[in-house]
Amino acid sequence: MQSETRKQLLKLFTEAGDTFLSGQKISEQLGCSRTAVWKHIEDLRREGFEVEAVRRLGYRLKQMPDKLNANELQLGLKTKRFGWNVYDQESVPSTQQLAHQLAHEGAEEGTIVIAEEQTAGRGRLNRIWHSPKGTGIWMSVILRPSIPPQQAPQLTLLVAVAVAQTIQEVTNIVPDIKWPNDILLNGKKVVGILTELQADPDQVQAVIVGIGINVNQKQFPNDIASLATSLAIETGRTFHRPKIVQTLLQKLEQLYEQYLQHGFLPIKLLWEAYAITIGQQIVARTLNGAVRGTALGITDSGTLKLQTEDGAIHYIYSADIEI
Ligand code: BTN
């Protein structure tokens with residue numbers, strides 16, 4: 001289908017919501033015959049759109065395809081900048097790797113790289129991130145804040161808040177955040193976030209935020225089954241992934257603008273409201289060994305503050321946390 005007509009038709013359908021549109025009305029709006037309208041609708045159906053047709057009432061759009069491509073993501077997207085430059089891929093080694101390359105080449109802020117499958121998805125501390133085809137959201141977002149590199153951990157926490165808000169909105173369940181940015185449902189990990197920098201000594205050039213959300217998986221490989229979960233497993237429902245990405249981009253853009261205008265404090269408060277680690281006895285496994293103590297909170301730069309039994313305060317920049 002010609003992309004302009006397709007766009008117009010989809011716009012009409014989304015604006016109409018649950019209301020039926022008559023073939024007559026659609027043909028007037030698109031400036032084509034009713035036979036042409038019918039052909040366009042058949043094309044949409046072939047692409048995976050579910051279009052209901054009822055005699056005398058007309059047509060309405062019941063379901064959009066669960067595909068993570070620019071068309072689906074941008075239809076009804078309410079952001080100003082985030083998600084308007086999209087690199088959608090069927091399969092990539094890692095969206096993070098491609099986003100790094102694009103950022104080096106000057107890609108604008110808010111550019112996203114998204115894939116149906118990653119064959120070499122990466123997690124924190126060089127772990128593998130399981131990214132099977134068509135079930136989750138594997139995405140990297142390019143940000144270009146004017147901040148010194150030391151402040152970048154704040155963005156990690158900002159992204160965790162945006163993801164937590166998104167999950168809360170789409171599932172009605174309040175997730176937990178485990179410092180710095182694991183998102184948990186019922187104690188199991190449902191989202192992983194990887195924040196990486198391209199920076200000069202005193203200035204960030206780009207922040208590449210990798211977000212992996214387990215959405216519609218029904219099961220996980222044995223080695224991670226006791227640690228990982230998905231939105232579908234926790235709720236018994238399946239989710240439309242483009243809608244989740246749209247919600248996430250909107251929350252991310254809002255929080256990011258708030259951060260640039262008002263600094264980290266409002267974000268810190270939001271983060272603390274989701275955090276489970278604070279006030280609890282935890283073990284922080286760092287590259288230099290384990291520290292056991294009470295998590296007192298996070299500092300204004302996003303570092304974890306831990307008090308050991310002898311009263312000493314430790315500042316943790318990077319670690320795995322056990323509760
Ligand atoms: C973690 O270890 O918790 C972070 C996991 C981050 C996974 C995402 S999926 C999209 C992006 N591409 C990658 O290769 N990794 C991140």
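Let's start at a pocket: the second largest one in this predicted model is lined by 21 residues, and P153, T156, P180, Y317 and S318 sit nearest its centre. The space inside comes to about 430 Å³. Who builds the wall? Strand β8 gives the largest share, 5 residues, while α6 and β8 each supply at least two. Sorted by class, the lining has 11 nonpolar, 8 polar and 2 charged residues.

Now move over to the largest pocket, with a volume of about 900 Å³. Of its 42 lining residues, R127, I128, W129, D182 and K189 are the closest to the centre. You'll meet β8 again here, since β8 gives the most to this lining too, with 5 residues. Other elements that each supply at least two residues include α5 (95-104) and β14 (320-322). This lining divides into 17 nonpolar, 14 polar and 11 charged residues. Domain 2 (70-274) and domain 3 (281-322) each provide at least three residues of the lining of the largest pocket, and each also provides at least three for the second largest pocket.

What about the packed inside? In soluble globular proteins, nonpolar side chains tend to be buried together. In this model, the largest nonpolar core has 61 residues, and M139 and V163 touch the most other members. Helix α6 (residues 152-171) contributes the largest share of this core, 11 residues. Domain 2 and domain 3 both give residues to the core, so it lies between them. Zoom in on V163: leaving out residues up to four places away in sequence, V163 touches I183, V191, I193, I211, I213 and L248. A second, separate core has 17 residues, among them L10, A16, I41 and Y59.

Conventions. Residues are numbered from 1 along each chain as its sequence is written. This is a predicted model: local features need pLDDT of at least 70, side-chain atom pairs count only at pLDDT 80 or more; totals for chains, interfaces and linings use all residues. Side-chain values use heavy atoms; hydrogens and water are left out. A nonpolar core is a set of buried Ala, Val, Leu, Ile, Met, Phe, Trp, Tyr and Cys residues joined through side-chain atoms within 4.5 Å. Buried means under 20% relative accessible area, exposed over 50%, partly exposed in between (1.4 Å probe, protein chains only). Helices (H or I, at least four residues) and strands (E, at least two) are DSSP runs, numbered from the N terminus. Domain bounds come from an automatic or database domain assignment. Contact means heavy atoms within 4.5 Å. On a 1 Å grid over the protein atoms alone, a cavity is a set of points where a 1.4 Å probe fits but cannot get out, and a pocket is an open set with protein on both sides within 12 Å along at least five of seven lines; lining residues have an atom within 4 Å of a point. Grid points are joined across faces, edges and corners, and a volume is the space filled by probe spheres set on the points. Ala, Val, Leu, Ile, Met, Phe, Trp, Tyr, Cys and Pro count as nonpolar, Asp, Glu, Lys and Arg as charged, and the others, Gly among them, as polar.
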